Amino acid sequence: MRHDEHTAQRHTHDTHHGHDHGHQHGTGGVSWSTAAQATLHCLTGCAIGEVLGMVIGTALGWGNVPTMVLAIALAFVFGYSLTLRGVLRAGVGFRTAFRVALAADTLSIAVMELIDNGVIALWPSAMDTHLDDALFWGALAASLALAFVVTTPVNRWMIGRGKGHAVVHRYHH
């Protein structure tokens with residue numbers, strides 16, 4: 001299908017269902033609010049996975065690297081799960097819903113995890129803190145906030161091209 005046919009088909013689909021999410025070429029039609037909401041959705045899953053991974057790794061006495069790997073893996077699992085839950089509620093089969101979650105969240109979560117874990121790794125002494133340390137929670141909060149700020153424009157760009165969370169909007173009626 002040619003690009004202009006795909007765009008026309010998407011426009012017809014959105015108009016038919018009574019909603020136009022501003023998924024135009026570029027980001028001009030996508031509001032920062034829409035991008036921020038998509039990013040907050042990913043941030044929620046990432047934060048749950050990050051904290052749970054750190055709690056589990058710390059409780060098991062693991063070192064920094066295995067704990068970080070677990071936290072990143074769980075961030076993806078929880079990020080995908082939140083999207084999967086919403087798409088499944090729309091009556092979509094699991095296989096299709098899983099593909100939608102992968103398409104919607106992979107880049108967003110990857111950028112968020114890169115920024116989040118990069119900040120933690122580079123923050124002096126942050127990798128050596130424990131769950132009961134204020135530095136642990138402060139560094140985590142700062143890293144997640146920075147990840148949100150960096151990932152929001154990425155999501156805006158993706159939504160503006162009909163990708164990322166734009167894929168999920170097709171299942172909200």
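This report looks at how some helices pack in a predicted model and at its nonpolar cores.

## Ground rules

Local features need pLDDT of at least 70, side-chain atom pairs count only at pLDDT 80 or more, and totals for chains, interfaces and linings use all residues. Residues are numbered from 1 along each chain as its sequence is written, and side-chain values use heavy atoms, with hydrogens and water left out.

## Helix 2 against helix 4

Let's start with helix 2 (residues 32-59) and helix 4 (residues 94-122), which pack at about 55° with axes 10 Å apart. That makes helix 2 oblique to helix 4; angles under 35 degrees would be roughly parallel, over 145 roughly antiparallel and 65 to 115 roughly perpendicular, with oblique covering the rest. Axes here are lines fitted to C-alpha atoms, for helices over the stretch in contact, and angles run from 0 to 180 degrees between N-to-C directions. Helices are DSSP runs (H or I, at least four residues), numbered from the N terminus.

The crossing of this pair is right-handed, meaning the near helix is turned clockwise from the far one by less than a right angle. On the helix 2 side, Thr39, His41, Cys42, Leu43, Cys46 and Glu50 make the contact (heavy atoms within 4.5 Å). They meet Asp105, Ser108, Ile109, Met112, Glu113, Asp116 and Asn117 of helix 4. It's a mixed bag: 5 nonpolar, 4 polar and 4 charged residues. Here Asp, Glu, Lys and Arg count as charged, Ala, Val, Leu, Ile, Met, Phe, Trp, Tyr, Cys and Pro as nonpolar, and the others, Gly among them, as polar.

## Helix 2 against helix 3

With helix 3 (residues 64-89), helix 2 crosses at roughly 145°, and the axes come within 7 Å. This crossing is right-handed too. Its contact residues divide into 12 nonpolar, 10 polar and 1 charged.

Thr67 lies in helix 3 and is buried (under 20% relative accessible area, with a 1.4 Å probe and protein chains only), at 10%. Leaving out residues up to four places away in sequence, Thr67 touches Gly53, Met54, Gly57, Thr58 and Trp62.

## The cores

The largest nonpolar core (buried Ala, Val, Leu, Ile, Met, Phe, Trp, Tyr and Cys joined through side-chain atoms within 4.5 Å) has 17 residues. Those with the most contacts inside it are Cys46, Met54, Ile109, Met112, Ile115 and Leu140. Helices 2, 3, 4 and 5 (134-160) each give two or more residues, and helix 4 supplies the largest share, 6 residues.

Apart from neighbours within four places in sequence, Met112 contacts Thr39, Cys42, Leu43, Cys46, Ala147 and Thr151. A second, separate core of 8 residues includes Val87, Val92, Val100 and Ala104.

Methods:
Buried < 20%, exposed > 50% of the residue type's maximum accessible area, 1.4 Å probe, protein only.
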